[in-house]
Amino acid sequence: MNTNKIQNVQPVQKQDRIQFLDVLRGIAIFFIFSANIVVFSGLLFFSDDAKYPEAILSSDVYLDFIMFTLVDGKFYSIFSLLFGIGCVIQFNNVQSKNKPFAPFFRRRMFWLLIIGLIHLCLFWLGDILTLYALLGFTLIYFIKVSNKKLLIYATILILFPIVNWLFVHFTDLNYAQIFFNTSVAYYEFFGLPLAEWNGSYFPDFQKFELNERLIDYFKMNIGNTFVRIGAILEEGRIFKVLGIFLIGLWAGRKILNENLLNNLTLLKKIAFWGILIGLPISIIRTYIEFFGGSEAYWDLFKTITYALGTVPLAMGLASLLALLYFKKPSYFSVFAPVGKLALSNYLFQTFIAVILFYGIGFGLAGKFGFTVVMLMSICIFTVQVIMSKLWLKHFRFGPFEWIWRQLTYKKRLKLLQDKI
């Protein structure tokens, strides 16, 4: 690798940023957190008996249904789309300086992988950075593929989790189970708490969240990493995320080369058809998730509805937000600072939630109903909006963005804003 060539590449300059992409990234960060906080808060692991009675509201079940339909999987899909768009922007930036893209992007993904692994193994089993980084390495091989082929490959990949499910079901080769078993073996080796259900053992997430010892928190997080890997493989998320990355490459080219964000006709078509197709299927998926049985065919239906509904609805919502933004950009500008500091805000959401809910912090896991937890996510995000705006008044990058960029470009970058 020729590091001198990488060192001569500069980060994308402020004037070259596309404001709407920062806004969309900021919105996605909020809704990703609103989905993650369901796990952080213990909503998935504790019964109503553990909750404060006054924190259980009649709106909980309805809001849960709505949020699962509109948010779960949709905004990490939008974030994945933005990742692909960002790859195109980086490619154009590097190419404009007559530098090789592959070594630059590999280095960028390598350091994102390191950040992601630390986050995944030590802090949060729901980390997405590690998967993004690993799949990011493959984008190098797609960066010059034609638009038509990108969309064909993307469609195949997004539908492939259905094939994955059928393969596992009919061959009985559940390769994801290897990682679930490894997690159990790891917990047993270190004497960490396990729970049992229907004769199967798995990490006891109630005791994990209630645990008050920092060293055990880190130990259990490492064990939970195997659960995360197993879950990603089981649901075929690798194929799905890579497929959305490829749509992002297509969209990035359309934005930079064909002014997609000003093509209101196309945006309206994507918004209309995306929501028309994606919303009914996503409602069916939510119904299955909430009221379906444990038989295998219910699991198959969930996989099918996820594959057919999530990406269209995500694309429809992204296009709708673009239309609304360009009609009244000032209404959405509040999200831009958060989007500019997306990596830092994403990581800080983990630290804030762990401190609030886990036993090593204030131990509030399992105490609140869905509505209260959503209100808490709004309050936390509001603080992030304020802090992001204040931070950018004095600094050019977020703290983690600054570290990541310096490692990528192998040079010290000025953090402070220029004084006027």
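This section describes a pocket, a surface patch, salt bridges, backbone angles and residue pairs in the structure. The model is predicted.

The second largest pocket holds about 730 Å³ of space. Its lining counts 31 residues. Nearest the centre of this pocket lie I247, W250, I270, V311 and M315. Six helices each supply at least two lining residues: α2 (19-40), α4 (74-96), α7, α11 (237-258), α12 (264-291) and α13 (296-327). The largest contribution comes from α13, with eight residues. By class, the lining of the second largest pocket has 28 nonpolar residues and three polar ones. No charged residue takes part in this lining.

Helix α7, one of the contributors to the pocket lining, spans residues 147-171. V163 sits in this helix. V163 also belongs to a nonpolar surface patch, together with I152, Y153, I156 and F160. The patch covers about 420 Å². Patch members must have over 30% relative accessible area. V163 meets this cut-off because its relative accessible area is 41%. That value makes V163 partly exposed.

Charged side chains pair elsewhere in the model. The whole structure contains eight salt bridges. One of them joins R213 and D216, with N and O 2.7 Å apart. The two partners differ in exposure. D216 is buried, at 15% relative accessible area. R213 is partly exposed, at 49%. D216 counts as buried because its value falls under the 20% limit.

A second pair is formed by E235 and R237, with an N to O distance of 2.6 Å. R237 is buried, with a relative accessible area of 13%. E235 is partly exposed, at 32% relative accessibility. This pair is part of a wider arrangement: E235, R237 and K240 are linked in a network of salt bridges. R237 falls at the start of the range given for α11 (237-258).

A third salt bridge joins E289 and K302, whose closest N and O atoms are 3.6 Å apart. This pair links distant parts of the chain, with E289 in helix α12 and K302 in helix α13. The two residues are 13 apart in the chain. Both helices also supply residues to the lining of the second largest pocket. E289 is partly exposed, at 36% relative accessible area. K302 is partly exposed as well, at 25% relative accessibility. K302 is not classed as buried because that term is kept for values under 20%.

Backbone angles single out two asparagines. Most residues other than glycine have a negative phi. N198 has a positive phi, near 55°. N198 lies in the loop between strands β1 (194-197) and β2 (200-203). Its relative accessible area is 63%, and N198 is therefore exposed. The phi of N259 is also positive and near 55°. N259 is placed in the loop between α11 and α12. These two helices both help to line the second largest pocket. N259 is partly exposed, with a relative accessible area of 43%. N259 is not classed as exposed because that class requires over 50%.

Two residue pairs relate sequence separation to distance in space. S41 and A353 are 312 residues apart in sequence. Their C-alpha atoms are 7.6 Å apart in space. S41 lies in the loop between α2 and α3 (60-70). S41 is buried, at 2% relative accessibility. The other pair is F110 and Y297, separated by 187 residues in sequence. Here the C-alpha to C-alpha distance is 40 Å. F110 lies in helix α5, residues 101-122. F110 is partly exposed, with a relative accessible area of 38%. Y297 falls within the range of α13 (296-327).

Conventions: Residues are numbered from 1 along each chain as its sequence is written. This is a predicted model: local features need pLDDT of at least 70, side-chain atom pairs count only at pLDDT 80 or more; totals for chains, interfaces and linings use all residues. Side-chain values use heavy atoms; hydrogens and water are left out. Patches are made of residues with over 30% relative accessible area and no salt bridge: like charges are joined within 9 Å, nonpolar side chains (Val, Leu, Ile, Met, Phe, Trp, Tyr) within 5 Å. Accessible areas come from the Shrake-Rupley method with a 1.4 Å probe; for residues, only the protein chains shown count as cover. A salt bridge is a side-chain nitrogen of Lys or Arg within 4 Å of a carboxyl oxygen of Asp or Glu. Helices (H or I, at least four residues) and strands (E, at least two) are DSSP runs, numbered from the N terminus. Buried means under 20% relative accessible area, exposed over 50%, partly exposed in between (1.4 Å probe, protein chains only). On a 1 Å grid over the protein atoms alone, a cavity is a set of points where a 1.4 Å probe fits but cannot get out, and a pocket is an open set with protein on both sides within 12 Å along at least five of seven lines; lining residues have an atom within 4 Å of a point. Grid points are joined across faces, edges and corners, and a volume is the space filled by probe spheres set on the points. Ala, Val, Leu, Ile, Met, Phe, Trp, Tyr, Cys and Pro count as nonpolar, Asp, Glu, Lys and Arg as charged, and the others, Gly among them, as polar.
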